Every structure is written in structure tokens, then in C-alpha cells.
Amino acid sequence: MKTAGTLLHGVAAAAGVGFGPAREIARDPVPAARRVASADVAAEIALLRDAARSASMELRTMARAVRADGHADEAAIFVAHAAIAADPAIIDGAVAEIQARGVDAATAIVAATSAAAAQIEGLSDELLRARAADVRDVGDRIARTLVGVVEAELLPEPAVIVGEDLAPSLAATLPRERLLGIALEGSSATAHAAILARAYGIPAVVGVAGLLAAVRAAGPAVHVAIDGSSGEVIVDPDPVSRDRFRDRMASAESARRRDVDDAGLAPETLDGLAITLLANIGTPAEAGTAAALGARGVGLFRTEFLFLERPSPPSEDEQVDAYRQAVEAFGGNPVTIRLLDVGGDKPIPYLALPPEDNPFLGVRALRLAGDRPELFLTQLRAAYRAAASGPVKVMAPMVADASDVATLLELVAEARVGLDHDSVPRGEISIGVMVEIPSAVLAADSFLGEVAFASLGTNDLLQYTIAADRGNAALRRYHDPLHPALLRLVRLSVEAADRAGIELSVCGEMAGDPIAALALVGLGVRQLSMTPSSLGPVRRAIRSADASVLERLALAALTDASAEGVRARFAAVAVSADSARRGS
Ligand code: PEP
Ligand code: MG
């Protein structure tokens, strides 16, 4: 008789319910256990050649599909990959490995492509050096074909992705229509894979201990059900559980419809305090959905997604197109473009940044401006040009102090003077900073007067305040932004922004959590920017609460001992307001 399956719990990372066959995406593309060489060298070489041929064909098909989708630049990446897969020098290198060492074909192709990549990495031309990552990628792809590990980029059938972690670039490129859900054994709700999942409306649960062992034990055709709101994951669910999940899928769909219906309702507390709800987006295509869900502009456009999965940075013209598209979708409401925030968990191969021991504490984001000013100047020029079509704001990530603000303002002036010198038509942009490093909160008075607005990046602010890597599932107990230490920093920021007479918003993930959003309103925040799917739930939470009650609770929360205590205070308001609304 069939059992009820294995019930596991993780962190709810992106709302929605998903059900379907599990597809494992391995971090190591070729698990050692699956690399078994046959005794017959000729047979192993034949396997290698077949796999390389089919990988090359797959890559050409992928390039055609990507081009047909209107992404000609990305298609070029796959054309280049197809050529690498068919490169006789690389295949001969792998054949020599099999002949000399008797290894299996997968091990041989990984060794041959790694050796070729290492040579390329030694070249002085930066663009050529960046190709090393492509060569390794193709080697991994051929190896995956050989050992039968799923092709992440292709995702041939609709499936729930399971894995240890998911690279942001993969999360950005997997075919969305086939991505039924994401369940990860590691990661966290603020990792970029999770942020993308929320942006695209893909249900996701992360930090699911025991997930991979359960999936592997259940065999190849196992189905997985995930609930991205409760954090529940069932591996190999029985028919009763499947039906339960199908019901949940139906109610998630009706909640989505309700969010659209409610989009026109003012986000105002019962006692009349108006809050501005904005959207966080990663691609211009999301702006339309955000506007339809009632966002009054974009509070955070994470531009680094424009820089992923390509051989070189997007040109100024391409960026103007992307920013303009978002501006036009909002018809008069402002779009806040965040300057490139790379490093940390968002590496970009062609920038060839040297490896660092602590990338989250390293040369990331605005700190790159010293060596790579052109990256930021191009973005600023594009922002100025897009501003000719509607209101544009630009903010710099990872600002630590007044000297970083001075760097930002110099770049802004240089971009503006350059455009005017070339007589390029432009609009005006308003300049702001992200406050996401504790020093920026504590020294805010020294620079907030120089800018027009500030936005609190509570994801990073929490990780730097509590010294807990936001992507490390083992540190989950430190990941709740309702920690009183973070609330105090929010309060200090609100006071500093008031003194400087500038607007302050919150664009970290906490703004999209209805309970945390109530705490932020209680602390004095009046603008909240969030993933579009959170707009409906946050709007309803605000409309059902009293600002005077929230202020009182927030004051008390500042001296609470734990995030759980704070959460309990605000959850009680949210629940009582919810039942009052249902009773009315
Ligand atoms: C943040 O740190 O809160 C933020 C909004 O930026 P990101 O999550 O992209 O680092
Ligand atoms: Mg950040």
C-alpha cells in the first residue's frame, strides 16, 4: 500500500502551491557516484562523441528558441556554446584522457574543458578570459548529458526543481512556463533565487532539510508537492495529499484574482494614514504586472539581472530600452533604478572580478566604481536618457558613509556633463542611496542632506547587523527582520530622514511580509516596496490596522528580546483585523 509520502518543512520563500515531477539540479553537475567508466575504451570514446554531438545540437536548438523569444543577445551565447561543444581540440583532449587514464567520458570531458579554461584564464585579454566560464559550462553540460543529470537550462517537461541551491542566473533563465516550483535544501528567503521566484510568481520553499535524500530514495519518477506559503514539502505524496495540494492550488489562484480585484483600493489604515506601495522588479517585463496589482511605481529595479547570462555588459542603448519600458509601464509614477550591485551571491563572469575570501564584505556594488567607473557611468547615462520618457530615480547600493555618497555624486555629474557635451536628449533624475550597512544608519546625518531620498535594504542590513549570512540556511534563526536590533536601526533611519527632510522607503523583503509591513508603518515608514505578488496581502493588512495601535506596538517592540516576541505582537493585530473584516 502507498504511504502518505515524506512530509518535510522548510522556509516559505515564494507564495503559491506547486505540484509535479521532481527534477534535481545538482551543484556539482556530475556526481562522482554516477561517473563509472566502462572497461571498453572505444565504447567510452563513442559515448563521449555522441554526448558532445547531442549537446551541440541542443545548444543550437536553445539558441533558436531564445532568439525566437526576442533575445538575440542571449541567443549568441548559446551559439558560441554549441561551437565549443563541437570543438575538435576539446574533444581530442577528452579522448586522450580516456586513453591515457582509463577514466569515464564525463570525467574526461570535465578534465579537458577545465584544462582549456585554465589556459584561457591565463590570457591577458579580459574578454577572452571571461570565455573560460563558457568552456567550463559546456564541459559540464556534456558531462550532464553523459550521466543523465537533468539539463537545468532546458527543463524539458514541467517540473518542480529540487537541489541544494539554485544559481541566480539559472533562476533567471529557466523556462518559467515549465517551472512548477522550486524546493531547495539550502538557500534562504532573501537569496536571489528566492527573490526571482517571488518576482516570477513561482512557488518556492528553501532550507528544506533532508529534501535530497528523500527525493533520491523515492526513485526517478517521484512527484513533489510544495506550499510556498506554509513551507511544507511532500515528497511522493499519496492521492489524498495530491488532492489536498490541488485544492490549495485552486485557492492560491483565487487569492491571486482577489489581489487584482483589490488593486484599486487605497493602502490606507483605518484611521486614515496613507502608505505608498511600490514594486521591486528585476526585469522591465515585470513592471506591467506590478502596475496591474496597484503599485505606485518601482521602489527597486534590481538592474544586475540585465547583466547576467551574457558575454558582455548591456550597452547604453539596451539599458535605455529596458529602463524606458519600465517607465512607460508606470505612466507617470517613478521608477527607481538601482545601480549595479554585483559581488556577493551575484557574480558576473565577464567582469572577471578576482575571488575574495568574504565577497559580502568585499569589493561589491558601488565599491567597484574605483576600478570600473564605466559600468556606473553607462547606467547613469541610460537613466538620464530614459528620464526623458517619465520620472526616474537612481539609487546606489552599499553606501557606507559620506565619502561613498561623494563618489556617487561625482559619477552622476560626470554622466550628466558627458550627455550635455554630446547634446544627447535627457531628463532629470533624482538621486538617492540605499541604507543597508549599519554604518550608513549610524552616520546618516553626515550625508542624507546630499541626496533626495533613501531606501532601506533590510536584507543586507540584517545580515550585516547580526553577522549572519543571508544565504546560509543553518543560520535561519537569525533571518527574521523583526529582530529588535533591526527595528532600532529602522527607527534611527526614519528619524535621520526626517531631520534631512527626505523620503525614506523600505525595499528589503520585510516590506512584503504583511506582519513586518505593519511593524514598519508603526516605526514611521510611509513607503514600502515589495515583490509584486505581496502587494495584495500588504494592502489588506494596512487597510485593516490602526496606525495609532501600530505606533504603540512598535515603540514597545524596540525593547523586546526577540524577533518572535515582536512577530507575536503584530501577528495579533493582523489576525484580529482579519477576523473583523471577515465578520463584516
Ligand atoms: C536589501 O539588501 O535589502 C536589498 C533590497 O537589496 P538586495 O536584496 O538586492 O541585496
Ligand atoms: Mg542589498
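Student: Where is Arg539, and is it buried or exposed?

Tutor: Arg539 sits in helix α18. This is a predicted model, so read every value as computed from it. Burial is judged by relative accessible area, and under 20% means buried. Arg539 has 1% relative accessibility, so it counts as buried.

Student: What lies across from Arg539 in space but far along the chain?

Tutor: Compare sequence separation with C-alpha distance. Arg539 and Thr276 are 263 residues apart along the chain, and their C-alpha atoms are separated by 9.7 Å. Helix α18, residues 535-543, holds Gly536 as well. Gly536 is buried, with a relative accessible area of 3%. Its C-alpha atom is 8.2 Å from that of Arg256, and the two residues are 280 apart in sequence.

Student: Where is Val424, and which residue is it paired with in the same kind of reading?

Tutor: Val424 belongs to the loop between α13 (402-421) and β13. The C-alpha atoms of Val424 and Arg385 are separated by 7.8 Å, with their positions 39 residues apart along the chain. Val424 has a relative accessible area of 21%, so it is partly exposed.

Student: How do I read a metal site? Which residues give donors to the magnesium ion?

Tutor: Look for the protein atoms beside the ion. For the magnesium ion, ligand 2, the protein donors are Glu436 (OE) and Asp460 (OD), lying 2.1 Å from it. The pair links distant parts of the chain, 24 residues apart. Glu436 is in the loop between β13 (429-435) and α14 (438-442). Asp460 is in helix α15, residues 458-466.

Student: Are these two donors buried or exposed?

Tutor: Use the cut-off again. Glu436 has a relative accessible area of 2%, so it is buried. Asp460, at 3% relative accessibility, counts as buried too.

Student: Now ligand 1. Which residues come nearest?

Tutor: Start with the shell of residues around the molecule. Ligand 1 has 16 residues around it, and Arg302, Arg338, Gly457, Asn459 and Arg470 come nearest.

Student: How far from ligand 1 are the polar side-chain atoms of Arg302 and Arg470?

Tutor: Match polar atoms across the boundary. A polar side-chain atom of Arg302 is 2.8 Å from an oxygen atom of ligand 1. For Arg470, a polar side-chain atom lies 2.7 Å from an oxygen atom of the ligand. Asp460 takes part as well: an N or O atom in its side chain is 3.0 Å from an oxygen atom of ligand 1. The protein covers 100% of the 290 Å² of accessible area that ligand 1 has on its own.

Student: Which elements supply the shell around ligand 1, and what classes of residue are in it?

Tutor: Sort the shell by element, then by class. At least two residues each come from α7 (192-200), β10 (298-302) and α15. The largest share, three residues, is from α15. By class, the shell has seven charged, five polar and four nonpolar residues.

Student: How do I check a helix against its expected length? What about α16?

Tutor: Compare the expected span with the distance between the end C-alpha atoms. Helix α16 (residues 484-500) has 17 residues, and at 1.5 Å a residue it should span 24 Å. Its end C-alpha atoms are 24 Å apart, which agrees. Just after α16, Gly501 takes a positive phi of about 70°.

Student: Which residues of α16 are buried?

Tutor: First, the general idea. An α-helix has 3.6 residues a turn, so residues three or four places apart point the same way. In α16, the buried residues include Leu486, Leu489, Val490, Ser493, Val494 and Ala497.

Student: What does the same length check give for α4?

Tutor: Helix α4 covers residues 105-121. Its 17 residues should span 24 Å, and its end C-alpha atoms are 24 Å apart, which agrees. Among its buried residues are Ala105, Ile109, Val110, Thr113, Ala117 and Ile120. At the start of α4, a side-chain oxygen of Asp104 comes within 3.1 Å of the backbone nitrogen of Ala106.

Student: What phi does Ala352 have, and what phi does Ala365 have?

Tutor: Check the sign, then the residue type. Ala352 has a positive phi of about 45° although it is not a glycine. Ala365 has a positive phi of about 55°, and it is not a glycine either.

Student: Where do Ala352 and Ala365 lie, and is each buried or partly exposed?

Tutor: Ala352 lies in the loop between β11 (335-338) and α12 (373-386). Ala365 also lies in the loop between β11 and α12. Ala352 counts as partly exposed, at 34% relative accessibility. Ala365 counts as buried, at 0%.

Conventions. Residues numbered from 1 in each chain as written. Chains lettered and ligands numbered in written order. Predicted model: local features only at pLDDT ≥ 70, side-chain atom pairs only at ≥ 80, totals over all residues. Heavy atoms only, no water. Helix = DSSP H or I, 4+ residues; strand = E, 2+ residues; numbered from the N terminus. Expected span 1.5 Å × (residues − 1). Buried < 20%, exposed > 50% of the residue type's maximum accessible area, 1.4 Å probe, protein only. Donors = N, O, S within 2.8 Å, 3.2 Å for Na, K, Ca; no water. Near = heavy atom within 4 Å. Polar contact = N/O pair within 3.5 Å; in protein donor to acceptor, adjacent residues only side chain to side chain. Areas by Shrake-Rupley, 256 points an atom, 1.4 Å probe, with all protein chains shown as cover. Nonpolar A, V, L, I, M, F, W, Y, C, P; charged D, E, K, R; others polar.
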